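User: I would like to learn how to read pockets, cores and helix geometry from a model. Can you take me through one?

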Amino acid sequence: NSFSLFFLNMRSMAANFSALNDYLSVIDLQCPVYGFAETWLKQENEKLYTLKNYKSTGSIRRERVGVGL
């Protein structure tokens, strides 16, 4: 048995969602889990960026807009 996972630092889901879909269609990879960091999504737009046939769940910062080191 095997388990596959795809993880990507998006650096803005809104700006890169089209490129993500293009990339996923080219590599033709079927994973049970896709993970994304630095999506920079907000509560009002998080439902606009979902992958077909996948359930989306996540955690959105509601009080702060970013954190530096």
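Analyst: We will go through pockets, then the core, then the helix and some backbone angles. Keep in mind that this model is predicted.

User: Start with empty space. How is it found, and what volume does the largest pocket have?

Analyst: Rolling a probe the size of a water molecule over the atoms shows where empty space is left. Here the largest pocket holds about 1,000 Å³. It has 32 lining residues. Thr-39, Leu-41, Gly-58, Ser-59 and Ile-60 come closest to its centre.

User: Which element gives the largest share of that lining?

Analyst: Strand E2, residues 33–37, with five residues. By class, the lining of the largest pocket splits into 13 nonpolar, nine polar and ten charged residues.

User: What volume does the second largest pocket have, and which residues line it?

Analyst: Its volume is about 260 Å³. The lining includes Asn-21, Leu-24 and Ser-25. Asp-28, Leu-29, Gln-30 and Tyr-34 are also among the lining residues, and so is the run Leu-51, Lys-52, Asn-53 and Tyr-54. Helix H1, residues 13–27, supplies the largest share, three residues. The lining of this second pocket has five nonpolar, four polar and two charged residues.

User: Now the interior. What should I look for, and which residues form the largest nonpolar core?

Analyst: In soluble globular proteins, nonpolar side chains tend to be buried together. In this model the largest nonpolar core has twelve residues. They are Phe-6, Met-10, Met-13, Phe-17, Leu-20, Leu-24, Cys-31, Tyr-34, Leu-41, Tyr-49, Leu-51 and Ile-60. H1 gives the largest share of this core, four residues.

User: Take one core member. Which residues does Tyr-49 touch beyond its sequence neighbours?

Analyst: Leaving out residues up to four places away in sequence, Tyr-49 touches Met-13, Ala-14, Phe-17 and Leu-41. Of these partners, Met-13, Phe-17 and Leu-41 also belong to the largest nonpolar core.

User: How do I read the buried face of a helix? Which residues of H1 are buried?

Analyst: An α-helix has 3.6 residues a turn, so residues three or four places apart point the same way. In H1 the buried residues are Met-13, Phe-17, Leu-20 and Leu-24. E1 (5–9) and E2 are among the elements that cover them.

User: Where does H1 bend, and by what angle?

Analyst: At Ala-19, by about 30°.

User: Is Val-26 of H1 buried or exposed?

Analyst: Val-26 lies in H1. The cut-off for exposed is over 50% relative accessible area. Val-26 is exposed because its value is 68%. Val-26 and Thr-50 are 24 residues apart in sequence, and their C-alpha atoms are 18 Å apart.

User: Next, backbone angles. What phi does Asp-28 take?

Analyst: Asp-28 comes just after H1 and has a positive phi of about 50°.

User: Where is Arg-11, and what is its phi?

Analyst: Arg-11 sits in the loop between E1 and H1. Its phi is near 50°, positive in a residue other than glycine. Arg-11 counts as exposed because its relative accessibility is 55%.

User: And Asn-53: what is its phi, and is it buried or exposed?

Analyst: Asn-53 lies in the segment after E2. It is not a glycine, yet its phi is positive, about 70°. With 73% relative accessibility, Asn-53 counts as exposed. Asn-53 is also one of the residues lining the second largest pocket.

Conventions. Residues are numbered from 1 along each chain as its sequence is written. This is a predicted model: local features need pLDDT of at least 70, side-chain atom pairs count only at pLDDT 80 or more; totals for chains, interfaces and linings use all residues. Side-chain values use heavy atoms; hydrogens and water are left out. On a 1 Å grid over the protein atoms alone, a cavity is a set of points where a 1.4 Å probe fits but cannot get out, and a pocket is an open set with protein on both sides within 12 Å along at least five of seven lines; lining residues have an atom within 4 Å of a point. Grid points are joined across faces, edges and corners, and a volume is the space filled by probe spheres set on the points. Helices (H or I, at least four residues) and strands (E, at least two) are DSSP runs, numbered from the N terminus. Ala, Val, Leu, Ile, Met, Phe, Trp, Tyr, Cys and Pro count as nonpolar, Asp, Glu, Lys and Arg as charged, and the others, Gly among them, as polar. A nonpolar core is a set of buried Ala, Val, Leu, Ile, Met, Phe, Trp, Tyr and Cys residues joined through side-chain atoms within 4.5 Å. Buried means under 20% relative accessible area, exposed over 50%, partly exposed in between (1.4 Å probe, protein chains only). Contact means heavy atoms within 4.5 Å. The bend at a residue is the angle between axes fitted to the seven residues ending there and the seven starting there.
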